[in-house]
Amino acid sequence: MNDTIQSELEKVQKRLTDDALTDKQYCELYAVQQALSWAHDPESAAAPLEIVMSGKIQPPVREEIEFMDTQVIGSTSNG
């Protein structure tokens, strides 16, 4: 993974766990995470434009979110 993308993805994932975020900020950061995941591996994550235009962007409930080092969200293999 590109070091710049990896670094930014880690920053975004850390901020997503911040309880001080507004719901709007949380949704926007989740969308950023989706885009960075796609930039990392376009074959295993849905394209950002596809997700936004289809209305499929639905962040998980904050308490349920868990991260892995190379988590790819929005996999096209899941529909």
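**Entry 1: getting oriented**

Helices (H or I, at least four residues) and strands (E, at least two) are DSSP runs, numbered from the N terminus. With that in hand, I looked up the secondary structure and found 3 helices and 0 strands in the protein chain. Read along the sequence, the pattern is α-α-α.

A note to myself on the source: this is a predicted model, in which local features need pLDDT of at least 70 and side-chain atom pairs count only at pLDDT 80 or more, while totals for chains, interfaces and linings use all residues. Residues are numbered from 1 along each chain as its sequence is written, and side-chain values use heavy atoms, with hydrogens and water left out.

**Entry 2: the chain as a whole**

I checked burial next, where buried means under 20% relative accessible area, exposed over 50%, and partly exposed in between (1.4 Å probe, protein chains only). Of the 79 residues of the protein chain, 27% count as buried. The chain exposes about 5,400 Å², and carbon and sulfur atoms supply 53% of that area. Those areas come from the Shrake-Rupley method with a 1.4 Å probe; for residues, only the protein chains shown count as cover.

I also looked at contacts, meaning heavy atoms within 4.5 Å. Among contacts in the protein chain with a separation of 6 or more, 69% are between residues 24 or more positions apart.

**Entry 3: the core**

Which residues make up the largest nonpolar core? I found 8 residues there: Ile5, Leu9, Val12, Leu16, Leu21, Tyr26, Tyr30 and Leu36. Such a core is a set of buried Ala, Val, Leu, Ile, Met, Phe, Trp, Tyr and Cys residues joined through side-chain atoms within 4.5 Å. Both α1 (3–16) and α2 (23–40) supply at least two residues of this core. The biggest share comes from α1, with 4 residues. I jotted down a general point beside this: in soluble globular proteins, nonpolar side chains tend to be buried together.

**Entry 4: along α1**

I took the length of α1 first. Its 14 residues reach 20 Å from first C-alpha to last, close to the 20 Å expected at 1.5 Å a residue. The expected span is 1.5 Å times one less than the number of residues in the helix.

Then I asked which residues of α1 are buried. They are Ile5, Gln6, Leu9, Val12, Gln13 and Leu16. These cover an arc of only 130 degrees around the axis, so they sit on the same side of α1. The arc is taken from the directions between the helix axis and the C-beta atoms. On the face turned away from the buried side I found the exposed residues Asp3, Thr4 and Lys14. The cover over the buried residues of α1 includes α2.

At the start of α1, I noted a side-chain oxygen of Asn2 within 2.6 Å of the backbone nitrogen of Thr4. Gln6 lies in α1 too, and is buried at a relative accessible area of 16%. Its side chain is joined to that of Glu10 by a polar contact of 2.5 Å. A polar contact is a pair of N or O atoms within 3.5 Å; within protein, one must be able to donate a hydrogen and the other to accept it, and residues adjacent in sequence count only if both atoms are side-chain atoms.

**Entry 5: along α2**

The 18 residues of α2 should span 26 Å at 1.5 Å a residue, and the end C-alpha atoms are indeed 26 Å apart. I listed the buried residues of α2 as Tyr26, Tyr30, Gln33, Gln34, Leu36 and Ser37. What covers them includes α1 and α3 (48–54).

Leu36 caught my eye, as a residue of α2 that is buried with a relative accessible area of 15%. Leaving aside residues up to four places away in sequence, Leu36 touches Ile5, Glu8, Leu9 and Val12. I also looked from Leu36 to Pro48, 12 residues apart along the chain, and their C-alpha atoms are separated by 8.9 Å.

**Entry 6: two partly exposed residues**

Are Val32 and Glu8 alike in accessibility? Val32, in α2, counts as partly exposed at 35% relative accessibility. Glu8, in α1, is partly exposed with a relative accessible area of 35%. Their C-alpha atoms are separated by 9.6 Å, with the two positions 24 residues apart along the chain. From Val32 to Val12, 20 residues apart along the chain, the C-alpha separation is 7.6 Å.
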